[in-house]
Amino acid sequence: MNEHQRSLLLESSSHFLPPKGVKLSYGTAGFRADATLLRSTVYRAGILAALRSLKTQSVIGLMITASHNKVSDNGVKIADPNGGMLSQHWEPFADSLANASDPIQLVQLIDDFVRKELISMDNGYPAEILLGRDTRPSGESLLDAAKQGISSIIGAVLHDMGILTTPQLHWMVRARNMGMKSTENDYFQQVSNSYRCLVKLIPDASKARKLNDNLVVDGANGVGGDKLEVLKDLCGDLSIEVRNTSNGEGVLNEGVGADFVQKEKFLPSGFGQGDVGLRCASLDGDADRLVYFLVKPDVKMIDLVDGDKILSLFALFIKEQLNILKDNNDEKTSDPYHPRLGVVQTAYANGASTAYLKNLGLDVVFTATGVKYLHEKASEYDIGIYFEANGHGTILFSDSVLSWLEAKNSVLSSCSGSKVQNAVSRLLAVSKLINQAVGDALSGLLLVEAILLHTGWSIQNWSELYKDLPSRQLKVKVCDRTAVITANAETVVVQPAGIQEAINTETAAKYPHGRCFIRPSGTEDVIRVYAEAATQEEANSLANAVAKIADQFLGSGSS
Ligand code: NG1
Ligand code: ZN
């Protein structure tokens with residue numbers, strides 16, 4: 001690092017001293033905390049993004065959001081060149097940067113890291129960063145901090161993309177680095193064109209349309225509803241009513257949104273008796289999670305159609321298209337290529353969904369909680385579908401399956417309208433509709449809508465694919481959650497010794513069909529308990545019993 005760069009960093013960072021007594025960590029989803037604590041963290045994340053851009057010689061994204069957290073929180077995460085999460089290999093550096101106590105220590109850390117990672121700071125490639133933020137009021141001042149961080153790296157160029165959903169920013173970063181059109185309008189065009197293409201391929205679309213009435217969407221009082229208002233008008237004959245946009249009276253994520261609906265299984269604000277029987281959906285605060293629900297006649301209660309059921313719907317549709325290609329292949333050609341389809345879940349997936357998917361003959365694998373793990377695993381398949389029960393997920397298409405489909409498409413173009421040609425066109429349209437960088441509530445919603453039209457199913461039909469096992473989630477505050485070490489995709493506690501045996505004994509003694517696990521949260525200072533059992537009462541009582549075990553072994557942190 002030359003002297004000019006060093007003095008620029010020293011001067012600029014002296015305006016962003018970290019808050020005293022706060023330790024931040026780049027958790028499951030970047031840095032998150034009360035927004036008043038974050039100016040120095042976001043400034044430093046700006047530096048990190050610029051260094052990552054120099055290292056990869058690619059465009060990097062920086063998103064200011066705290067997703068489904070309360071409105072007074074905020075956060076920051078980095079999008080890597082492929083639009084995915086920051087490489088895990090850089091997370092420890094992100095932690096040290098955020099916690100460096102003064103400008104001298106900060107510059108020393110950067111200097112050491114730049115040397116270790118062989119980052120050339122003047123090789124002619126200027127760092128380039130795309131910036132986005134959600135609707136949180138604190139976003140503007142934090143955006144300014146990010147800009148100052150980026151500008152403290154000589155030559156760095158930044159593009160403020162304005163208020164966006166998190167998946168839009170990830171999409172833009174990926175598109176930019178692939179040399180494709182990458183503005184917000186390009187996103188809207190690609191997604192809406194692919195949706196319309198899927199609808200055109202439905203054998204009897206107008207009949208299907210009659211079966212599917214309005215969709216009502218809860219926008220969590222955030223950015224997702226605002227963007228959906230724009231997107232739906234580009235989708236042609238699609239009737240969506242958006243409630244809880246950011247322009248209304250409601251507070252972001254308060255009594256609304258996908259996290260609230262999924263965890264509480266409760267009706268969001270703005271919905272009531274008049275919505276009984278309607279197809280409803282909920283987005284989270286930055287629109288990377290999506291769940292559907294059906295309002296029951298006893299108001300406030302809902303039938304939840306969660307991420308597992310979205311995954312199941314997608315898996316059925318993709319499998320149907322692949323089967324069409326396979327059947328044709330056996331009869332007429334001898335194409336040796338058979339795409340591997342896989343689905344990825346976490347331990348929070350409802351056991352009934354896993355049984356259903358396995359019954360379909362699908363390859364189902366599990367990873368630890370956190371999109372970065374699911375995404376990585378799904379990318380090992382030709383077509384990998386991943387979803388968390390909370391509604392975050394997508395479908396990944398490998399380069400090889402895309403080339404195979406494109407090649408088939410050009411060979412078949414002469415038999416336009418054939419069953420096989422339609423299946424190929426559907427798969428290609430899905431690959432363009434569904435976000436390849438990260439889970440995206442808006443593109444996921446359009447794919448759900450297209451598949452429901454395709455199958456002619458109501459939300460009731462979809463919900464009845466299988467019946468969820470009763471489940472219960474609890475949080476336990478303990479002295480030190482990092483004392484809990486897990487294995488086997490977080491389903492077994494290996495430390496402290498004895499807890500797992502106690503959980504097993506409790507489960508085996510009273511809940512013959514029960515399943516329960518605990519793990520430390522990556523986004524909150526708690527241990528999460530998840531229980532499933534034959535009845536809701538049993539699930540509640542198993543979760544409570546295991547919460548007590550956790551408390552006994554780990555000590556209450558509430559003192
Ligand atoms: P933690 O706090 O590590 O459980 C939560 C969600 C994850 C993921 C992240 C990121 C649950 C049980 N956990 O993680 O699935 O979405 O937040 O937002 O929903
Ligand atoms: Zn989110």
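Biologist: How far is an oxygen atom of ligand 1 from an N or O atom in the side chain of Lys 263?

Modeller: The gap is 3.4 Å, inside the cut-off for a polar contact (a pair of N or O atoms within 3.5 Å; within protein, one must be able to donate a hydrogen and the other to accept it, and residues adjacent in sequence count only if both atoms are side-chain atoms). Keep in mind that this is a predicted model, where local features need pLDDT of at least 70 and side-chain atom pairs count only at pLDDT 80 or more, while totals for chains, interfaces and linings use all residues. Side-chain values use heavy atoms, with hydrogens and water left out, residues are numbered from 1 along each chain as its sequence is written, and chains are lettered from A and ligands numbered from 1 in the order in which they are written.

Biologist: Which other side chains have a polar atom by an oxygen of ligand 1?

Modeller: Take Arg 289, with a polar side-chain atom 3.0 Å from a ligand 1 oxygen. For Ser 521, a side-chain N or O atom sits 2.5 Å from an oxygen of ligand 1. The protein covers 94% of the 430 Å² of accessible area that ligand 1 has on its own (Shrake-Rupley method, 1.4 Å probe; for residues, only the protein chains shown count as cover).

Biologist: How many residues surround ligand 1?

Modeller: There are 16, and the closest are Arg 519, Ser 521, Gly 522, Thr 523 and Arg 528; a residue counts as near if one of its heavy atoms lies within 4 Å. The shell splits into two nonpolar, eight polar and six charged residues. In that scheme Ala, Val, Leu, Ile, Met, Phe, Trp, Tyr, Cys and Pro are nonpolar, Asp, Glu, Lys and Arg are charged, and the others, Gly among them, are polar.

Biologist: How do I read empty space, and what is the volume of the second largest pocket?

Modeller: The general idea: roll a probe the size of a water molecule over the atoms, and you see where empty space is left. Here the second largest pocket has about 840 Å³. A pocket is an open set of points on a 1 Å grid over the protein atoms alone, with protein on both sides within 12 Å along at least five of seven lines; in a cavity a 1.4 Å probe fits but cannot get out, and lining residues have an atom within 4 Å of a point. Points are joined across faces, edges and corners, and a volume is the space filled by probe spheres set on them.

Of the 33 residues lining this pocket, Ser 25, Arg 481, Ser 521, Gly 522 and Thr 523 are the closest to its centre. By class, the lining has 12 nonpolar, 10 polar and 11 charged residues. Strand β1 gives the largest share of the lining, three residues (strands are DSSP E runs of at least two residues, helices H or I runs of at least four, numbered from the N terminus).

Biologist: How many cavities of 30 Å³ or more are there?

Modeller: Two turn up in the whole structure. The largest holds about 50 Å³, and its lining includes Tyr 26, Lys 77, Glu 91 and Lys 372. The second largest has about 40 Å³, with Asp 288, Phe 387 and His 392 among its lining residues.

Biologist: Which backbone oddities should I look up?

Modeller: Most residues other than glycine have a negative phi, and most peptide bonds are trans. Leu 118, though, has a positive phi near 55°, in the loop between α4 and β4. The bond from Gln 495 to Pro 496 is cis, with omega near -5°, and Pro 496 sits in the loop between β17 and α18.
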